[in-house]
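Visitor: Mind walking me through this one? I'd like to start with the overall picture and then get into the packing.

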Amino acid sequence: MEKLIEQLKAQIIEALNFEDMTPADIDTDAPLFGEGLGLDSIDALELIMLMDREYGIKLSDPKAGKAVFQSVRTMAEYIQANRTK
Amino acid sequence: MQVIHDIEITTTSVLLDGKTIAVEQTGDKLLVELYRRYAGDYPKFFKMDTLSRLGFIAAELLLKQSAISDQQLVDAVILANRSASIKNDTDYLATITEGNYYPSPALFVYTLPNIVTGEIAIRHHIQGETSFYILNSPEQLKPIVASTLTAKHSTALVGWCECSKQDNFYAKMQLIWRN
């Protein structure tokens with residue numbers, strides 16, 4: 001799981017173009033939206049694309065998305081349970 | 001119309017009110033260098049396409065030259081170029097090519113050239129007119145500015161903001177006042 005979390009942080013930095021950030025700067029349990037990383041709705045779409053592109057997960061239920069995108073850890077847990085590639 | 005401040009940014013140089021600003025980088029990296037030196041507190045810059053970065057940085061430098069009261073009085077942002085948002089459009093197209101169908105939402109939001117005027121307005125709390133024109137030459141912008149900025153004692157950010165492909169851009173913008 002820890003390896004997946006580090007990989008996911010690197011992918012988030014690349015997908016969202018956080019040029020000044022390293023994986024160490026992202027708190028695994030911090031909220032992704034609002035406080036924490038402070039992502040917006042466009043970023044949410046990028047994360048949905050990332051999960052499809054990298055892990056073969058199609059996230060179509062908005063209610064599920066709210067729980068999945070709580071933090072990097074919740075994302076990683078969902079990916080581990082649902083990945084198809 | 002009175003020009004209060006003017007700036008010219010090429011891929012290798014920056015000229016602010018006729019004085020050269022020494023820079024180390026060229027091309028797209030030049031805009032990042034200017035951001036780090038003169039802004040640095042607006043991480044959304046890194047999400048912008050090159051056209052928006054160019055206009056954002058030019059506006060940043062122009063308004064930093066002014067007193068704070070001047071910034072509060074900017075009534076309009078009127079920009080133009082010849083190539084619209086073609087560089088970002090091309091980048092976006094690359095994300096939806098056959099066999100690689102992962103359209104990027106972050107690129108999609110910049111597939112309109114007038115987004116740069118919005119980015120400037122948001123940054124500087126400008127609530128007046130914002131518009132972006134596709135023209136053949138900067139000369140064609142002058143009558144448009146004159147007809148838009150009709151009120152006396154109004155101030156506007158105006159100029160040419162062009163980015164046709166990677167590492168290929170040019171901006172000549174002014175902060176003007178209608179006396």
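Guide: Sure, and keep in mind that this is a predicted model. For a start, take burial, where a residue counts as buried if 20 or more other C-beta atoms lie within 10 Å of its own. Across the 179 residues of chain B, the share that passes is 36%.

Visitor: What radius of gyration does chain B have, and what does the globule rule give for 179 residues?
Guide: The rule gives 16 Å for 179 residues, and chain B comes out close to that, so it is as compact as a globular protein of that length. Along the principal axes, its C-alpha atoms fill a box of roughly 55 × 35 × 30 Å. The radius of gyration itself is 16 Å.

Visitor: What pattern of helices and strands does chain B follow along the sequence?
Guide: There are 7 helices and 7 strands to place in chain B. Reading along the sequence, you get β-β-β-α-α-α-β-α-α-α-β-α-β-β.

Visitor: Which strands stand at the edges of the sheet in chain B?
Guide: The 7 strands make an open, mixed sheet in the order β3-β2-β1-β7-β6-β4-β5, with a twist averaging 20 degrees from one strand to the next. An edge strand has a single partner, so one of its sides is left without a neighbour in the sheet. In chain B, that describes β3 (19–21) and β5 (129–134).

Visitor: Which residue in β3(B) is the bridge partner of B:Val14?
Guide: Strand β2 (residues 14–16) of chain B runs antiparallel to β3(B), and 3 bridges join them. For B:Val14, the partner in β3(B) is B:Ile21.

Visitor: Which helix packs on the sheet by touching β4, β5 and β6 of chain B?
Guide: Don't mix it up with α2(B), which packs on the sheet by touching β1, β2, β4, β6 and β7 of chain B. The helix you want makes about 160 degrees with the direction of β4(B). That's α7 (residues 141–148) of chain B.

Visitor: Is the crossing of α1(B) and α2(B) left-handed or right-handed?
Guide: Helix α1 (residues 28–38) and helix α2 (residues 50–64) of chain B pack at about 35 degrees, with axes 10 Å apart. Among the residues that meet are B:Leu31 and B:Leu34 from α1(B), and B:Leu54 and B:Ile57 from α2(B). The contact divides into 7 nonpolar, 1 polar and 4 charged residues. As for the hand of the crossing, it is left-handed.

Visitor: How many residues does each chain give to the contact between A and B?
Guide: On the side of chain A that touches chain B, there are 4 nonpolar, 1 polar and 4 charged residues. Counting by chain, the contact takes 9 residues from chain A and 7 residues from chain B.

Key. Residues are numbered from 1 along each chain as its sequence is written. Chains are lettered from A and ligands numbered from 1 in the order in which they are written. This is a predicted model: local features need pLDDT of at least 70, side-chain atom pairs count only at pLDDT 80 or more; totals for chains, interfaces and linings use all residues. Two residues are in contact if their C-beta atoms, placed from the backbone, lie within 7 Å. Ala, Val, Leu, Ile, Met, Phe, Trp, Tyr, Cys and Pro count as nonpolar, Asp, Glu, Lys and Arg as charged, and the others, Gly among them, as polar. Axes are lines fitted to C-alpha atoms, for helices over the stretch in contact, and angles run from 0 to 180 degrees between N-to-C directions. Helices (H or I, at least four residues) and strands (E, at least two) are DSSP runs, numbered from the N terminus. A crossing is left-handed if the near helix is turned anticlockwise from the far one by less than a right angle, and right-handed if clockwise. Two strands pair if DSSP finds at least two bridges between them. The radius of gyration is taken over C-alpha atoms; the globule rule is 2.2 Å times the number of residues to the power 0.38. A residue is buried if 20 or more other C-beta atoms lie within 10 Å of its own, exposed if 12 or fewer, and partly exposed in between; C-beta atoms are placed from the backbone.
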